[in-house]
Amino acid sequence: MGNTESVSVQKRLARFRPEERPVVEGVFDKLQGGGGPSGAPGKTPAGNTLTLEMLQSSMGSVAPESMVRRVYQCMCSIDPGLAAPPAAGRSSSSAASGVGREQLVIFLADTLRGTAEERAPLVRAMAQRGAGPVTVVPCEQVAEFLEDLISTVVQIVVHRGRLQAWKPERMGDGSLGVKLLAEHICSELKPSDQGCDDSCLEDWIFRVPQVSLYLEMLVSEGLDVSLSGRPAPTLLPPCRDTPWKDLRCLLDLPSLMFLAPQLPDSYSAPWRLVFSTQLHGESFSRMVTGLTKCGPTLLLIRDTKGHIFGGFASHAWELRPKFQGDSRCFLFTVFPRLRVYTATGYNEHFMYLNQNQQTMPNGLGMGGQHGYFGLWLDSDLAAVTAVHGPGAPPTAAPSCLEEDFSLDSVEVWAVGKPPEPQEGEEGQGKKSILDMDLEVQAMMEMTGKTLHSQGLREPEEDQEQ
């Protein structure tokens, strides 16, 4: 490398640890070693450039051909003197001449260690259709690029064996999930009337961390750049003891990649299926048994029109005619679009679960208030309602749908650690008649009556021994 042409390259190499720099500089030779279809690096002019075939040889197992072409087009557009793909009016090297060593190093440094400002021109170059520098790309082209990028990430997760015991063949349509996740991420764009320029893309990359995460996975996994300082990210939560033989999960891999990061950081326990109408039948009582005493849960509902939505419960459910939970609860949709609706703070009506009472609502509710829940599942599992209500998050079903739905299937996944038994809970005293009638107990509490029998229970026989 000439000293005058390598200033930008040396600055970028300085971002890596000393032990990582030989790895980055060695990628060029490693890709050339893969050669073209015949594996012969002599196909290139004096071995000074990389061809599309060489890149395909390295990335083909984890990336669709369209994504490989995007990466190659981006690399070729980099001007080492400018250290970025040039905008309109400035020339760049032709794709026919191949990718030079300096272009590759700049691409690796900016995708793996770059800022949002440095990554924005790369995204623009990969998103645009055809060769030639441009300053603005339409949002549709960014969405197409993002679909290719997400497809690549999903292939990497599958190809590298990072499924965490999930079974894509027993889950939803992954290709549809790719489109939905791309649409959701693109909804964060703030384009001008002309489209997405570098400043728009920079702002987007800065605000939406998945873009940088997926770019890093594309480059590090596709080009086999193993850096000690960056362990492979875990995109899927672990899954345990799932009867996949009899289950067709309502989620697909991209929607799972969307939902898992929405959970609070402390919820890292393996996901466990505790109820499914496919396995346990349409029984509200059986669902209540699965919901209670298993910690935080994720409720998934599909209606007869194929719409999928649900809610996250931050606490273990308790069967009682009172609201419970906290502001970490949220509602969400999966199809026809991926969205999350967090609590408004208007009230503390986050979770409600009740059964077999005459004067209080019987069913499962989240958000809103009695008779006007953000999401309501009737105790006979015959009706689902999603509405806008005072204090409720926006409807859990898209606004283009009716408020009342016919239920098709329900899944409940435990997503956190089960609650620890309360002190003295194991081996509690014999129950009072009020314990058996939660409705009467709730009415007494609401009228300010004191439950004098609390704390005056006889011990269990096994406690006496």
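Here is a short walk through a sheet, a helix that crosses it, and a pocket, all in a predicted model.

Let's begin with the sheet. Strands of a sheet pair through backbone hydrogen bonds, either parallel or antiparallel. Here the pairing is antiparallel, and six strands form an open sheet in the order E3-E14-E4-E5-E7-E8. If you trace that order from end to end, you start and finish on the edge strands, E3 (272-276) and E8 (339-342), each of which pairs on one side only. Between neighbouring strands of this sheet, the average turn is 20°, with direction ignored.

Now zoom in on the E8 end. Strand E7, made of residues 330-335, pairs with E8 over four bridges in the antiparallel sense. A handy place to look is Leu331, which stands opposite Tyr341 in E8.

At the other edge strand, E3, you can pick up a helix. Helix H13 (residues 284-291) lies across E3, strand E4 (297-303) and strand E14 (407-414). Relative to E3, helix H13 runs at about 165°.

Next, let's turn to empty space. Rolling a probe the size of a water molecule over the atoms shows where such space is left. The second largest pocket has a volume of about 370 Å³. It is lined by 18 residues, and those closest to its centre are Thr234, Leu235, Pro237, Ala260 and Pro261. What is the character of the residues in this lining? They divide into 14 nonpolar, three polar and one charged. Helix H10 (residues 209-222) gives the largest share of the lining of this pocket, with three residues.

Note on methods
Residues are numbered from 1 along each chain as its sequence is written. This is a predicted model: local features need pLDDT of at least 70, side-chain atom pairs count only at pLDDT 80 or more; totals for chains, interfaces and linings use all residues. Side-chain values use heavy atoms; hydrogens and water are left out. On a 1 Å grid over the protein atoms alone, a cavity is a set of points where a 1.4 Å probe fits but cannot get out, and a pocket is an open set with protein on both sides within 12 Å along at least five of seven lines; lining residues have an atom within 4 Å of a point. Grid points are joined across faces, edges and corners, and a volume is the space filled by probe spheres set on the points. Helices (H or I, at least four residues) and strands (E, at least two) are DSSP runs, numbered from the N terminus. Ala, Val, Leu, Ile, Met, Phe, Trp, Tyr, Cys and Pro count as nonpolar, Asp, Glu, Lys and Arg as charged, and the others, Gly among them, as polar. Two strands pair if DSSP finds at least two bridges between them. Axes are lines fitted to C-alpha atoms, for helices over the stretch in contact, and angles run from 0 to 180 degrees between N-to-C directions. Contact means heavy atoms within 4.5 Å.
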